[in-house]
Every structure is written in C-alpha cells, then in structure tokens.
Amino acid sequence: MRMTKPITVTVFVVSPDTRSERRFDLHITVQQLKEKLELITGIPVQNQAIAVFNVESDAEPVVVLDDENRPLGFYGLKDWQVLKITDTNPSTSFTGQLSDVSQVQKFELSESEYAQRQDTVLAYKQRHKIGRFADKDKEEDEASASVPVSQLNIPVGARCEVESNEEGLHKRGTVRFVGPTKFARTGVWVGIEYDEPIGKNDGSVQGERYFTCKPNFGVFVRPERVTVGDFPVEDINFNDEEM
C-alpha cells in the first residue's frame, strides 16, 4: 500500500514579539504563508524574511523561504521545525516595541511617599502587626503572661470597652471569659461578647469553646486593650431611608 505524504505541517513561529505553535497546509504558497504570518506577528508581508531551523538555537537555517510563488511542500518542511520571521524594515512597523521595556515610563515613589500611602504592603503589615511591626504584640504577650488572672481586675460579666484603631468606633460588650487559651501558647486572653456583630467568632476558636454567643459577636483580646467600666449599650439609630 502506497503511503501518502501529510498535507499539513506543525511548526513553531518565532518573531521579535511573538512565539507560538501553528499548523499550515503544505499546499499554500510562501506568499499566502506571509499573509497569515502578518496576522500572527504583526510584521507586514513585504517586510518578512522567513528562515527555517531544526531548533531555535541553531546558528544556520536549514532553508530560507525566498520564493513567494513556491508552495511550502517544495521546501520539505517537517513537523516541529522553527520558522523565524525577521522584519527587514522595522522602522515602518511596531516590531520590537512591544517587548522593549526601556520605552516604558516607570512609576517611582520616594521612601517617604511610599510610607504615607495606605494601599501598600508596608501599610498592610503595620495595620495587621506583621513582621517587625509585631513587637508591640510580643510585649503585650509577655506582660499578660506575667500578671495573674486574679490581679487583672477584669471580672467575668463586667461591661467593657475594647481599644480600637478606628477613630470614633466604640467596641463595647460584656466580659465572658478571662484566662489562658489553647490557641495561644502564653499569656491571658479576655473573651468578650460585643453588643454588635463586629467580632470574629461565637466564643470558640479552633474547635475549643470558651463561652457562647451569636456568630461574629465574640472576640478574644489581650487584657491591655480592655477597659472595664459602666459602658451602656449604644443605641443603633437608623434613619427613615435605612432598613
């Protein structure tokens, strides 16, 4: 039985700005190939010089597609060869401009300007006390670990207010737990049931329950952030346009 040659070939198309895998019909002419390559590479037909390599790193091409009227099959193209398309007149096109980062205007900030922004990694670490900004938390851990629960003067059932980093926000609630926990290796924690759903849990952390409240009403904080006193429940006023 006579074997027929394949009518298509799969090759890698490489240009200054593009790299892709393509399949072409061996019956199309070099001129027709260039018309297709213009859509792929952005290089105008009249500016294209096409060389065929077995691998991209080869110094010399296997063949150059220099006759626009010849079909691709004439050049004996094989699967997985590399078509390198060169722009013979880049001044009339955008070749190379898409990958030339030297033409891109850089956005730069001074250290002081960066430190003042609130949408940076630095600001995020400061807000969440991560890395070198966690020293204060470490000091609080050591302080709370050295003070017995009986000397904290934070009785369970007392009304309290929790220190907040947000100006004008009063985090008030009732003390529900005071003591060591399993989620922290050292120190004393105060479990609080907030008056509003601004907490993080329902009185349990990592499967261990310390008190019970509604979801998002519970929170655990260090004693240094808690002030016990006669803090009434604040009324939440809704205007007529809110429900």
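Is Gln 206 buried or exposed? Keep that question in mind as you open the viewer; the tour reaches this residue at its last stop. One thing to know before you start is that the model in front of you is predicted.

**Stop 1: the whole chain**

Show the chain as a cartoon. Its 243 residues include four helices and twelve strands. If you colour by burial, 33% of the residues count as buried. Switch on a surface and you are looking at about 16,700 Å² of accessible area, 49% of which belongs to carbon and sulfur atoms. Among contacts with a separation of 6 or more, 52% are between residues 24 or more positions apart.

**Stop 2: the mixed sheet**

Select β1 to β5. Together they make an open sheet with mixed pairing, and the order across it is β2-β1-β5-β3-β4. The edges are β2 (19-25) and β4 (63-64); each has a single partner strand, so one side of each has no neighbour in the sheet.

Now zoom in on β1, residues 8-14, and its partner β2. These two run antiparallel and are joined by seven bridges. For a landmark, pick Thr 10 and look across to β2, where Arg 23 stands opposite.

If you wonder what holds such a pair together, strands of a sheet pair through backbone hydrogen bonds, either parallel or antiparallel.

**Stop 3: helix α1**

Next, select residues 30-41, which form helix α1. Try a distance between its end C-alpha atoms: they lie 15 Å apart, which agrees with the 16 Å that twelve residues should span at 1.5 Å a residue.

Show side chains for Val 30, Leu 33, Lys 34, Leu 37, Ile 40 and Thr 41, which are buried in α1. Turn the view until you look down the axis: the buried residues fall within an arc of 115 degrees, so they line one face of the helix. What do they pack against? The answer takes you back to the previous stop, to β1, β2, β3 (48-53) and β5 (82-87).

Step just past the end of α1 and you meet Gly 42, with a positive phi of about 85 degrees.

**Stop 4: the antiparallel sheet**

Move along to the other five-stranded sheet. This open sheet has the order β11-β8-β7-β6-β12, and its pairing is antiparallel. At its edges are β11 (218-221) and β12 (226-228), each with a single partner strand, so one side of each is left without a neighbour in the sheet. Rotate the view to see the twist: neighbouring strands are turned by 45 degrees against each other on average, direction ignored.

Centre on β6, residues 159-162. Three bridges join β6 to β12, and the two run antiparallel. Select Cys 160 to find one of the contacts across the pair: its bridge partner in β12 is Val 228.

**Stop 5: two residues with positive phi**

Some background helps here: most residues other than glycine have a negative phi.

Select Trp 80 in the loop between β4 and β5. Although Trp 80 is not a glycine, its phi is positive, near 70 degrees. Trp 80 is partly exposed, with a relative accessible area of 47%.

Finally, go to the loop between β9 (204-205) and β10 (208-209), where Gln 206 sits. Gln 206 is another residue other than glycine with a positive phi, here near 55 degrees. And the opening question now has its answer: at 69% relative accessibility, Gln 206 counts as exposed.

Technical notes: Residues numbered from 1 in each chain as written. Predicted model: local features only at pLDDT ≥ 70, side-chain atom pairs only at ≥ 80, totals over all residues. Heavy atoms only, no water. Pairing = 2+ DSSP bridges. Axes fitted to C-alpha atoms, helices over the stretch in contact; angles between N-to-C directions. Buried < 20%, exposed > 50% of the residue type's maximum accessible area, 1.4 Å probe, protein only. Contact = heavy atoms within 4.5 Å. Areas by Shrake-Rupley, 256 points an atom, 1.4 Å probe, with all protein chains shown as cover. Expected span 1.5 Å × (residues − 1). Arc of directions from axis to C-beta.
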